Amino acid sequence: MTSSPTIGVLALQGDVREHLTALAAADAAATAVRRPEELAALDGLVIPGGESTTISKLAALFGLTEPLRAAIRAGLPVYGTCAGLIMLADKILDPRSGQETFGGIDMIVRRNAFGRQNESFEAFVDVRGVPGGPVEGVFIRAPWVESVGASTEVLAEYDGHIVAVRQGNVLATSFHPELTGDHRVHELFVSAVRAGS
């Protein structure tokens, strides 16, 4: 693996630019991804926050759903934030009609669990594996993880709810670290991609 792995950001909807900036700051070669054929060149992928139902529909429209599922099953490292966490869940507790996920993490998630847009907030969260103290997390219509399977590691909780998890090569957070200027969660992901773990 080169010292600067190529990590894509799924650029269908959401805060793509902020993730590209955070990945570059974490010493990755960051690139926007919109087509299935672009997946082959990646060492890792970020699924950004946004609206999970919109991401689900656009992924189907662009022919990305099955290729992404296959890539995740084959071991492509993936990091999802907020809506990205929902897209990486094996099960959504309250899906919208027709909503699908890419899967990859044995967990059940609840959409918009922390409230509506006007109930968004920022909080400091201790994330296992991230050195240097708590991470500032931005929670915007954020989901939480209701439950996890035996192979899923809980990395962080907030207010009694699971907000960060990892299963193998797949990492997910309920919150948006890319909006704070603190790139340590992205560094954790890039380090894992670089190590091939």
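Helices (H or I, at least four residues) and strands (E, at least two) are DSSP runs, numbered from the N terminus. With that settled, let's visit the annotated site.

This is a predicted model, where local features need pLDDT of at least 70, side-chain atom pairs count only at pLDDT 80 or more, and totals for chains, interfaces and linings use all residues. Residues are numbered from 1 along each chain as its sequence is written, and side-chain values use heavy atoms, leaving out hydrogens and water.

An unreviewed UniProt entry lists Cys82, His176 and Glu178 under "active site"; such annotations may be inferred rather than shown by experiment. The three are spread over 97 residues of sequence, yet they cluster in space, with a largest C-alpha distance of 11.0 Å.

Here are two of them side by side; buried means under 20% relative accessible area (1.4 Å probe, protein chains only).

| Residue | Loop between | Relative accessible area |
|---|---|---|
| Cys82 | β4 (78–81) and α4 (83–88) | 4%, buried |
| Glu178 | β12 (170–173) and α5 (184–195) | 5%, buried |

Now for their surroundings, where contact means heavy atoms within 4.5 Å. Leaving out residues up to four places away in sequence, Cys82 touches nine residues' worth of company, including Gly49, Arg141, Phe175 and His176. With neighbours within four places likewise set aside, Glu178 is in contact with Asp15, Glu18, His19, Ala22, Thr81 and His186. The side chains of Glu178 and His19 also make a polar contact at 3.4 Å (a pair of N or O atoms within 3.5 Å, one able to donate a hydrogen and the other to accept it).

Terms used
Buried < 20%, exposed > 50% of the residue type's maximum accessible area, 1.4 Å probe, protein only.
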